[in-house]
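Take a look at the structure below. This report walks through some of its charged pairs, its buried parts and its surface.

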Amino acid sequence: MKNPKTRTEAGFTLIELLVVMAVMGILSGMLAYAMAQSQQQARNRRCTAELLNYGQILQTRLAGIAYAEIGLNESIGTVASTAGGLGLVPAPAPADMPTVQEIESSDRARLALMARRDFARMVLPECQADLLVPPVSLQFRVVPPSIVGLDMLPACAKIPPPPLWDRMRTLAGLRNSVEVDRAAATFGVSGAMSNPRVDAVQLFQNNAQFRQACSSDVAGNPVNWTREYESAECLYLILATFQSLGQLVVDQIPARNIGDLDGDGVPEILDPWGTPVRFMRSPIGLSGHGLKNWVEAKAGAGNEEEFPFDVEPLDFLLTDWRHEQRLLDTSNGPVSAFAPIYLPPIVISAGDDRVFGIRMPEDYPSYFSTSVVELSFPPTPRYPLSSNSLMTYRYPDPFFDVSSGSNVLVSNGQNAFKGIIDAKTGGGLGGTGSRDTAADNITSIDGDL
């Protein structure tokens with residue numbers, strides 16, 4: 001018989017149990033952290049894939065705009081409409097005036113660019129104003145054959161309201177273009193949509209009745225959007241009017257990616273964290289490997305590699321005024337620094353911290369649309385439009401510095417399109433306001449296009 005005093009007692013001491021529990025706690029924490037990291041990585045991958053899909057769809061629509069046949073309503077001659085306020089007058093011909101064909105091809109090519117930019121503004125809306133404001137008046141110049149060598153006459157044109165624009169307005173609860181024209185006619189603005197002499201921007205800004213007609217439903221009730229959600233709502237409308245493989249794209253999007261967080265009746269496209277994304281048609285200030293805004297690593301005075309050139313798809317004839325080197329003050333940078341470039345439409349997620357940290361349209365109360373800005377022409381153009389060689393006209397332009405609040409040429413004709421360099425280096429939409437908060441942003445160009 002064994003001595004009870006020498007018998008080994010079975011079990012663990014309290015210290016041993018505490019050690020085991022501590023080890024199990026550490027292992028559980030490590031496992032939970034690993035699982036959280038795995039979930040985070042999975043969300044990042046899913047977000048990148050979803051945004052890449054949206055980006056490809058938007059680029060497909062943009063490519064279609066570049067080659068689409070776009071009609072124009074035109075009006076030639078003196079324009080002094082109180083509604084449009086354009087105030088254009090006939091101009092004497094300069095001594096070096098070229099042939100009729102050269103002038104018409106030059107100005108009409110530029111008119112085609114402006115028309116396509118306004119068309120893009122309406123079928124790829126990035127803010128509520130793009131959906132509210134009808135086609136804008138676009139000015140150009142002609143030399144009627146009957147007075148060759150005598151005068152260049154001002155003319156204006158506007159595109160017809162695109163059917164896609166009407167369809168998106170209907171989905172948003174707004175009146176279609178026919179109903180807006182009918183409402184406008186009740187207060188004396190006949191044919192507001194089709195009359196080239198009626199500038200919709202000025203009419204929208206100055207006429208409360210017309211603004212109400214554009215901004216309300218058929219019953220006259222205003223349709224209001226939450227400002228910071230409007231690009232996500234515009235993206236929803238774009239996807240709800242785009243077909244892929246015989247089906248609307250929006251019907252192929254998981255329900256978890258669509259919501260109406262502000263309850264205004266217009267859904268937003270959400271990222272995997274439930275945050276409305278941001279859509280930018282022309283992210284002139286955004287930095288990224290898929291963009292050619294500005295290459296920080298190549299920065300240097302007069303270094304053309306700092307500002308790479310990539311032709312804007314809507315301007316393959318290079319008719320934008322920024323290609324007129326005589327207007328540029330190259331002491332501020334190489335010629336390529338002023339050139340419009342290819343900017344793919346971009347969709348952005350704020351990532352895990354749900355904070356973007358970049359410049360947004362809603363950050364600027366005066367921001368209306370990059371496609372409806374005015375600029376003053378320099379006083380020494382080759383072919384003046386008026387006797388004093390100075391004019392102000394509607395020029396759709398997505399390439400300007402939103403932080404400047406202005407997009408005008410300076411009076412001496414230099415530094416054409418003021419702010420373009422600042423815009424490319426971060427002053428435009430998408431420019432970084434906080435590198436820390438923008439660090440985890442995910443964009444539709446983060447994948448391979």
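## A buried pair

Both Arg117 and Asp320 are buried. This is a predicted model. The side chains of these two residues, Arg117 and Asp320, form a salt bridge, with 2.7 Å from N to O. The pair links distant parts of the chain. Arg117 sits in helix H2 (residues 100–123). Asp320 sits in the loop between strand S9 (278–280) and strand S10 (346–349). The two residues are 203 residues apart.

## One turn of helix H2

Helix H2 also holds Asp118 and Arg121. Their side chains meet in a salt bridge, at 2.9 Å from N to O. Where do the two stand in the helix? Asp118 and Arg121 are three residues apart in H2, so about one helical turn separates them. An α-helix has 3.6 residues a turn, so residues three or four places apart point the same way.

Are these two buried or exposed? Asp118 has 0% relative accessibility, so it counts as buried. Arg121 is buried as well, because its relative accessible area is 0%. Shared partners matter too: salt bridges join Arg117, Glu312 and Asp320 into one network.

## Charges along helix H1

Helix H1 spans residues 14–67. Glu50 and Arg46 both lie in it. They are four residues apart, about one turn of the helix. Glu50 forms a salt bridge with Arg46, and their closest N and O atoms are 3.5 Å apart. Glu50 is buried, because its relative accessible area is 13%, under the 20% cut-off. Arg46 has 26% relative accessibility, so it counts as partly exposed. By the rule used here, the structure has nine salt bridges.

Now turn to Arg61, which is also in helix H1. Which side chain of opposite charge is nearest to Arg61? The answer is Asp130, and it is 12 Å away. Arg61 is buried yet has no salt bridge. A salt bridge needs a nitrogen and a carboxyl oxygen within 4 Å, so a charged partner 12 Å away does not qualify. What does Arg61 touch? Leaving out residues up to four places away in sequence, Arg61 touches Val123, Leu124, Leu164, Met168, Ile238, Thr241 and Phe242.

## An enclosed helix

One of the contacts of Arg61 is Ile238. Ile238 is among the buried residues of helix H8. How many residues of helix H8 (residues 230–239) are buried? Ten of the ten are, so H8 is largely enclosed by the rest of the structure. The buried residues of H8 include Glu230 and Glu233. Others on the list are Ser231, Ala232, Cys234, Leu235, Tyr236, Leu237 and Leu239.

## A nonpolar patch on the surface

Helix H1 also holds Val19. Val19 has a relative accessible area of 48%, so it is partly exposed. Val19 belongs to a nonpolar patch on the surface. Its partners in the patch are Ile15, Val23, Ile26, Leu27 and Met30. Together, the residues of the patch have about 600 Å² of accessible area.

## Cysteines without disulfides

How many disulfides does the structure hold? It holds zero. A disulfide would need a pair of cysteine sulfur atoms within 2.5 Å, so no pair of cysteines here meets that cut-off.

Two cysteines can be checked for cover. Cys47 is buried, because its relative accessible area is 1%. Cys214 is buried too, because its relative accessible area is 0%. Cys234 is another buried cysteine, found in helix H8.

Conventions
Residues are numbered from 1 along each chain as its sequence is written. This is a predicted model: local features need pLDDT of at least 70, side-chain atom pairs count only at pLDDT 80 or more; totals for chains, interfaces and linings use all residues. Side-chain values use heavy atoms; hydrogens and water are left out. Buried means under 20% relative accessible area, exposed over 50%, partly exposed in between (1.4 Å probe, protein chains only). Patches are made of residues with over 30% relative accessible area and no salt bridge: like charges are joined within 9 Å, nonpolar side chains (Val, Leu, Ile, Met, Phe, Trp, Tyr) within 5 Å. Accessible areas come from the Shrake-Rupley method with a 1.4 Å probe; for residues, only the protein chains shown count as cover. Lys and Arg count as positive and Asp and Glu as negative; His and the chain ends are not counted. Contact means heavy atoms within 4.5 Å.
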